[in-house]
Amino acid sequence: MRKQRVHHALDTLILLGASLLGILAFLYPFFTLTRQGFTGNTAHAQDAPLFTVILILLCLGAILATLGSGEMNSKMVAILGVLSAANAVLRAVPGPAGFAAVFVLPILCGYTYGATFGFLLGAFSILVSALIGGGVGPWLPYQMLATGWVGMTSAWLPRLERWKKGEVIALGLWGLFWGFAFGALMNIWFWPYVFQPQQASLYWQPGIGLRETLRRYALFYVLTSFWWDLGRAAGNALLIWAFGRPILKLLRRFQRRFYFTVLPSSRENQPPLKVHPQKSLH
Amino acid sequence: MRHPVAWVLWTVSSATAALLTRNPLYLILIALAAWFVYLVVGQSSSLARSWQGLLKLGALIWLVTIPFNALMIHHGTHVLFTLPKNWPLLGGAITLEAVVMGLVSGFALWTLLLIFAAFNTAVDASLLLRLVPPFFYQAGVVASIGLTFVPQMLLSAQEIREAQRIRGHRFRSWRDFLPLLMPLLTTAFEHAIQLAESMEARGFGGGLTNPAEETLLRRLLLASLSLVLGGLALPLLWEIRIFGELLLLLAGGIFFYALYRVGRHVQRSHYRRLRWTRSSSLIALSSAATLLGIGLIYSVDRAALTYYPYQPSGLLPPFEARIGFLLSLLALPGLVSLFEEAPSASVPLQTQGNGGERSA
């Protein structure tokens, strides 16, 4: 039991460390281009995207290698695989204004089953969907990491089981938030590179400071991807508000069937096996 | 059918070249090579139609970015016309340099899209999953299950839909889909339970069994992540570049050592071995030559690959024959496919005395 707790703590630290590094990878161009001086033809302006992709791959690699070190049992592998397939199918169903219901399951599963499960479901859903739809490309690691964060952060929401209506309302608002946040996050991987420093107030320039950067990005976001993201955010919220309650009930019902481990007993005079219930799947 | 490793190498080589250069002449060469490969190899794929749509959309976005770029950037010496200065964001000189820069930037992205179109249509996803290295085998198993269950999910959805219709349910708006969604999820969970039981019955879970080893591996991975964070922070925050690079090197070493330790406990079995053909060697060698050559030029003479239409450079891009030759090698997979009958890339596993393929 002690070893399990240590492993769980280390897994959580790896997930958090990789996520921190992932955030740094998204923000890395702002630091490097500021220091190097972005004059459009600087070699480092071309280095930065390659280095960022390497960092993102490192984050995903660290998390996935942790799985290989013995923590995932057959139940987790099976449920992750099958739910990833279900989510990939949901993603393939076209909705209005480019909406795809890919965030609903990671949000609800992350909230119910924990941060690790939420992260993995988000990341694997995108991977499976890319493999069936031929969407493998340099954008894939970014999408996997960002969708993984959707599931991971959903586990950090306060537990509202007693307040059933409020729980679904809060999760719907969370889906609304992530609908916008996902778009805002994904823009960052190209925004610092888009134009030259001579351009005006819509784009980033080295040395303009945090406040001005945020102001310019907000303006850029509202003028470009806000309207696209609005469809996604509204779709997430509506689906969770409409279907969230029965889905949560279903997830909790199956949690009791999935979330236990069978441990060998240490004493000979006791029954050979005992069942140890878990609160979340790690 | 060529070996997926050869395709991966070709894709990495083409994508790296497209990422490292902004010279339109070199980009045209890469795009022509990728287009040729896409036409010859990828057109017969079931994914070809969806990629055609995506490529058209990419081309449309590219064309839209050209005037957008020209209207937003007012820098350059070749002024085409001038918009009133008092127009917010748009006011100022519209220059040829800005038009060219928009053209080249959009074209680079579209070329990247084309490369991945060729890759996705040429390589089967299931063959690709067999390349997953041993340290990611759990992730590979999850992705394989996901891929395998997608058709089953679609079939379940169809059956549930028909059953609900027979019961009188009508799917008129999105709110009517709950009677479809809930049985679909329940079925998915039931399948997962059956699958987990069947996997356990077949002895799945043969990864690490030594808790001390598991702890060590986690510590190694955590240490490598911490060192990367430190290695990035040192040059960015305190300008200690050399220590930062040393930390990054150390982190890389620890990371790969941890991966090696995870992977050495994994035993793999293959029902069918992928066959490495002569054409696979040709593709792999030519791609490696391009990758190495472009990498070498980039590290020794970066200016040879860059393009900057503004002053002090000129509008006309430079061209070097050695780079042109290296990039034209990327068309080889298309040529090989044209002149060769495609035999099956995989052969059934033969009984071998050397124990090269083990059952797990």
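Buried residues account for 46% of the 282 residues in chain A. That's a handy way into this structure, which is a predicted model. Below is a quick tour of chain A, chain B, a spot where a helix from each meets, and the nonpolar cores.

**Chain A at a glance**
- Chain A has 9 helices and 2 strands.
- Reading from the N terminus, the order of its elements is α-α-α-α-α-α-α-α-α-β-β.
- Look at chain A contacts between residues at least 6 apart in sequence, and 70% of them turn out to join residues at least 24 apart.

**How chain B is divided**
- The domain assignment splits chain B into domain 1 (4-124 + 270-348), domain 2 (131-207) and domain 3 (208-265).
- Between the C-alpha centres of domain 2 of chain B and domain 3 of chain B, the distance is 37 Å.

**Where H3(A) meets H7(B)**
- Helix H3 (residues 74-92) of chain A packs against helix H7 (residues 178-201) of chain B, with an angle of about 145° and axes 8 Å apart.
- The crossing of H3(A) and H7(B) is right-handed.
- On the H3(A) side, the contact is made by A:Ser74, A:Lys75, A:Ala78, A:Ile79, A:Val82, A:Leu83 and A:Ala86.
- On the H7(B) side, the residues in contact include B:Leu184, B:Leu185, B:Ala188, B:His191 and B:Glu200.
- Sorted by class, this contact between H3(A) and H7(B) has 12 nonpolar, 2 polar and 2 charged residues.

**The nonpolar cores**
- The largest nonpolar core has 105 residues, and the members touching the most others are A:Cys59, A:Val82, A:Ala86 and A:Ile107.
- Domain 2 (131-207) and domain 3 (208-265) of chain B each give at least three residues to this core.
- Two of those well-connected members, A:Val82 and A:Ala86, also belong to the H3(A) contact with H7(B).
- Leaving aside residues up to four places away in sequence, A:Ile107 touches A:Val150, A:Gly151, A:Ser154, A:Leu171, A:Trp174, A:Gly175, A:Trp178 and A:Ile240.
- There's also a second, separate core of 54 residues, and among its members are B:Ala17, B:Ile30, B:Ala70 and B:Met101.

**A closer look at B:Val100**
- You'll find B:Val100 in helix H4 (residues 96-122) of chain B.
- B:Val100 counts as buried because it has 21 C-beta neighbours inside 10 Å, and the cut-off for that is 20 or more.
- Setting aside residues up to four places away in sequence, B:Val100 touches B:Pro309 and B:Leu315.
- B:Val100 and B:Pro309 are 209 residues apart in sequence, yet their C-alpha atoms are 7.2 Å apart in space.

Definitions and conventions. Residues numbered from 1 in each chain as written. Chains lettered and ligands numbered in written order. Predicted model: local features only at pLDDT ≥ 70, side-chain atom pairs only at ≥ 80, totals over all residues. Domains from an automatic or database assignment. Axes fitted to C-alpha atoms, helices over the stretch in contact; angles between N-to-C directions. Helix = DSSP H or I, 4+ residues; strand = E, 2+ residues; numbered from the N terminus. Left-handed = near helix turned anticlockwise from the far one by under 90°. Contact = placed C-beta atoms within 7 Å. Nonpolar A, V, L, I, M, F, W, Y, C, P; charged D, E, K, R; others polar. Buried ≥ 20, exposed ≤ 12 C-beta atoms within 10 Å, placed from the backbone. Core = buried A, V, L, I, M, F, W, Y, C linked by C-beta atoms within 7 Å.
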